[in-house]
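Biologist: I should like to learn how the features of a model such as this one are read. May we take them in turn?

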Amino acid sequence: MAEETLVLFKNIRNPKYDKSLSAYKKSGGFKSLKKVFGMKPDEVVQEVKESGIRGRGGAGFPTGLKWSFMAKGTGKPSYLVANADESEPGTCKDRELMLKDPHMFLEGLMIGCYAIGCHHGYVYVRGEYFPSIKSLNEAVDELYADGLLGLDPMGSGFNLDITIHTGAGAYICGEESALLDSLEGKRGHPRVKPPFPAVSGFNGCPTSVNNVETLACMPFILGDNGVEDFKNFGPQNNSGTHLVSLSGHVNRPGVYELRMDVNMKDIIYEFGGGIRNGKKLKGVIPGGSSSPVMTADEVDVLYNFDDLAKKGTMMGSSAMMVFDEDTDVVKLLHRITRFYAHESCGQCTPCREGTHWSRQIIRDFLNGNGSEEKLLRLNRVGGNMMGTTLCALGDAAAMPIQSFVKKFPEEFRKYYATV
Amino acid sequence: MPLFKGFNMPVFDIDGELVEYEPGEKILSAALRCGKIIPHYCYHPGMSIVATCRMCLVDVVDMGNGRPAPKLQTACSMDATEGMKVETLNPKVEEGRKLVNEFLLVNHPLDCPICDQSGECTLQDYAFEYGSGKSEMDYSKRVSGWRDIGSFVALERNRCIQCSRCDRFTREITGTNEFGMFNRGHELTVDTYADRPMTNKFQGNMADICPVGAITEKEFRFKRRAWKLKKNRSICTGCSTGCNVTIEHDRNEIFRLKPHENQSVNKWWLCDEGRLTYRIMNERKTRIHQPLGRVEGKLEGISWEEAYSAIAERVGDLSALPEEVLALTDTHASNEELFLLQKLLKDIFSSDNIFCPLPTWEQSESEFFINTLITTDNTPNRAGALALKIKGDAKSTKLKKAIENELKVVFVLGNPFEAEVEVQEKIKRAQLVVHLGTFHNSWSEIADVVLSGQYYSEKEGTFTNKDQRVQATEIAVKALRRTRPEWQILMDLSASLGHGNSYSSSADVFNAMTEQVKSFADLSYAEIRLFGKELNHKTKDSGMKVVKAHT
């Protein structure tokens, strides 16, 4: 049986760990922060760059690079906002971190704040995550009580505050500029880019928005020999461990911490314990509902950013959704499309009209009103959303539609085939 | 920055044509300035860029660094850069626009036959250009329904294409924030907050900027199809701001005023009160239809010749001294008319007893530009009177002294000092009162001769606004048959009194004025016709009092 590689989950996998500050400190916590306070901010960014860590939120953008883009000398404060609005269907990794080991994430956030010179970090938590919000708030209180937050933590002279802000349950607020709008108290609508948040973000100030898991990696990366170790966890350009949210028709669904060079097949059959009820695999949605679907024949591939990209799909937020041979793919696509139609913010035309229209077409299939013409139309409407919208939600809605129609056309035809 | 020969600003290339841009300017804005047409809905030069309608897609074949953009770009949000090459007409762009247009029409009711926007609707225009003529949408359309949002504009939300211009207008232009976007996804719609009616004084602009028929002016609804309207440039005479407008009319009836862009005056906007001034232009009941003379105490219709000769005869008999002559005018009169009236007094009677009301007036001070469009001075040409050094104010001692004299001849232009009963009582006793005007009022009741003038929509003229900018109006509609423009009446009158100056047009009078009046020197009629021009020699005290805006 394959083993997990424990970096982020080293405490969580310890049954005796009680997520208190003292327990976290006992496990070696806040050593990295202490080390970081002795470094220059630029050196921290350089270390993060060298580690090669790529953002775990879905886009896979190198974090060190993102931080180095932060506008300097503007005379405005900088902000670091942790994106904990984890709403991509299938993803549940950040919840684990925030719920079971909030201090690791908060230490990462503090390291990030120091690296980009931010004196007030924000955590934008998904509104539905009540236990996580409670856990984070308790952890932040502990840190203030201990003097690790507030004025002059650890005698570093670097004042730092952290605010936990809860969202109101909109998927679109996971998009960084919509998140910032929402954080400012406006409607969560994605903004026009450029200017990117690194130039004009929260309240018009330079802002970096980072995923929770990305920030949680920071204590390890900036620990002793962290950069080298981190690099060794995966192939080139795909360094580090990552949390895989495995769900669907497997025997042991859950969040697993894996290296980046694990085969997808092994994830399904060894970590996941195979398909439940001894059924055969039909397909996998590899990176959250927005990633193009893979058929059973395609899953023999290393589960990382680049190898999946070569297969024409994406790792996204590392959320694998496995479905077995009995699954009705059209119903599955209908559910996904319904989600995007509901969550589209509605400001730009192709996504507002396209998500709803494609949902109506798929519903036609389910009602027995499908036709070859409608299948073509579905593909066309989906395609028309691709790359034409302001933010990535249009793409996110288009990719499953196009890939399902391409890879499972027979499933659609079943609904209108004349016998 | 390398500059191309013959250009003062950096340039980029649109469809093989070099276009100048200011650093930081977007492709769309630079293109529109040069007369290139790129279809767009959500973009408005006066408001923030949201890039949401996705209609202004262009193909950037070279981003200025030799590389093409990976996909079609929205021209409204992409910065123009040196050496950039943009194609707006290639098949890829047409395809992109086609699909955006298809999406927009999916839930649009297509009720053009009963929609007032029809004919001036950009969605209609681009649907003709890029639409397929056949819908693949088999499902029932979204229905949001109409909303009653106040007295000035009507909101029919089914036609809305969610461009958010109206929302941004109340947030960024008026700052009143009473309008907003509600719901999300395909149910996204516009409405006022908490069912309250709209309160701002500029709601008509929301109908102007709405690219479709979702917001229309209640005043204009169901009256005329937009394509039947003929348009003439003019100036709003509602107050001394002098907003540029187009008078839109059909069959000699005026239907509405629309703002005309002038960056130095009103930008793109016009207040609701100004829009409603069109009503008086169609007024016939109280109009003076023809010259009138008092015969045995009653006003009766006479011919122009009779009127002129009667006045000449009477003036000859009276042989008035300079101090026994008085002219009163309001500041609705154009610069030319004021000039000719002043000249008539000077030439015939060697008198400068000419007065107009010039009370102090208030101007809002506001962080929102649009609030400065409304002033409490509801006359269009106060600054013109000041530039001609016409004395003013009912309370001024000079006027009081002037009416104490034994008055023999009084000319009244328009409706000055309407509320000053004392002044009117005094003037009633004068031997000859001549009234020039367009509407019957208390002056025409006491006048011996009434000369029928024309309203500003019917004649040419120039007005000087509060910033002392001289602007011209055009003839929009045909005047009543037996009326004449005031400048012509004053010219003829002075000819019949023995001091003839012949001018062929209002422009001719203007040219004479530029030669004779120092304030107007160095202006030419051709120069002021498009966007107006400020006086070279300004009056220092305009009577303005700055107050805080009420919002």
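**Strands, helices and interfaces**

Modeller: Let us begin with a strand pair in this predicted model. Strand β1 (residues 11-14) and strand β5 (residues 85-87) of chain B are joined by two bridges and run parallel. One residue pair shows the register: I14(B) has V86(B) of β5(B) as its bridge partner.

Biologist: What is the order of the strands in the open sheet of chain B?

Modeller: The order is β2-β1-β5-β3-β4, five strands with mixed pairing. The edge strands, β2 (17-20) and β4 (73-74) of chain B, each pair on one side only.

Biologist: Which strands does α2(B) touch where it packs on the sheet?

Modeller: Helix α2(B) touches β3 (57-62) and β5 of chain B, and its direction makes about 155 degrees with that of β3(B). Helix α2 (91-106) of chain B is also part of what covers the buried residues of α3(B). Those buried residues of α3 (residues 122-130) are L123(B), Q124(B), Y126(B) and Y130(B).

Biologist: How is chain B divided into domains?

Modeller: Chain B has domain 1 (11-98), domain 2 (109-281) and domain 3 (292-548). For domain 1 and domain 2 of chain B, the C-alpha centres lie 26 Å apart. Their contact involves 14 residues of domain 1 and 15 residues of domain 2. On the domain 1 side, seven residues are nonpolar, four polar and three charged.

Biologist: Why are α9(B) and α14(B) described as roughly parallel to each other?

Modeller: Angles under 35 degrees count as roughly parallel. Helix α9 (residues 335-349) and helix α14 (residues 486-496) of chain B pack at an angle of about 10 degrees, with their axes 9 Å apart; the two helices are therefore roughly parallel. Among the residues making the contact are L340(B), L341(B) and L344(B) of α9(B), with W487(B), L490(B) and M491(B) of α14(B). By class, this contact has eight nonpolar, one polar and four charged residues.

Biologist: How should one read the interface between the two chains?

Modeller: In general, the size of an interface is often given as the accessible area lost when the parts come together. Here the description is by residue contacts: 24 residues of chain A are in contact with 25 residues of chain B. On the chain A side, α14 (329-343), α15 (349-366) and α16 (372-385) each supply at least two residues.

Biologist: Which helix gives the most to that side of chain A?

Modeller: Helix α15(A) does, with nine residues. By class, the side of chain A that touches chain B has seven nonpolar, 12 polar and five charged residues.

Methods:
Residues are numbered from 1 along each chain as its sequence is written. Chains are lettered from A and ligands numbered from 1 in the order in which they are written. This is a predicted model: local features need pLDDT of at least 70, side-chain atom pairs count only at pLDDT 80 or more; totals for chains, interfaces and linings use all residues. A residue is buried if 20 or more other C-beta atoms lie within 10 Å of its own, exposed if 12 or fewer, and partly exposed in between; C-beta atoms are placed from the backbone. Helices (H or I, at least four residues) and strands (E, at least two) are DSSP runs, numbered from the N terminus. Two residues are in contact if their C-beta atoms, placed from the backbone, lie within 7 Å. Two strands pair if DSSP finds at least two bridges between them. Axes are lines fitted to C-alpha atoms, for helices over the stretch in contact, and angles run from 0 to 180 degrees between N-to-C directions. Ala, Val, Leu, Ile, Met, Phe, Trp, Tyr, Cys and Pro count as nonpolar, Asp, Glu, Lys and Arg as charged, and the others, Gly among them, as polar. Domain bounds come from an automatic or database domain assignment. Angles under 35 degrees count as roughly parallel, over 145 as roughly antiparallel, 65 to 115 as roughly perpendicular and the rest as oblique.
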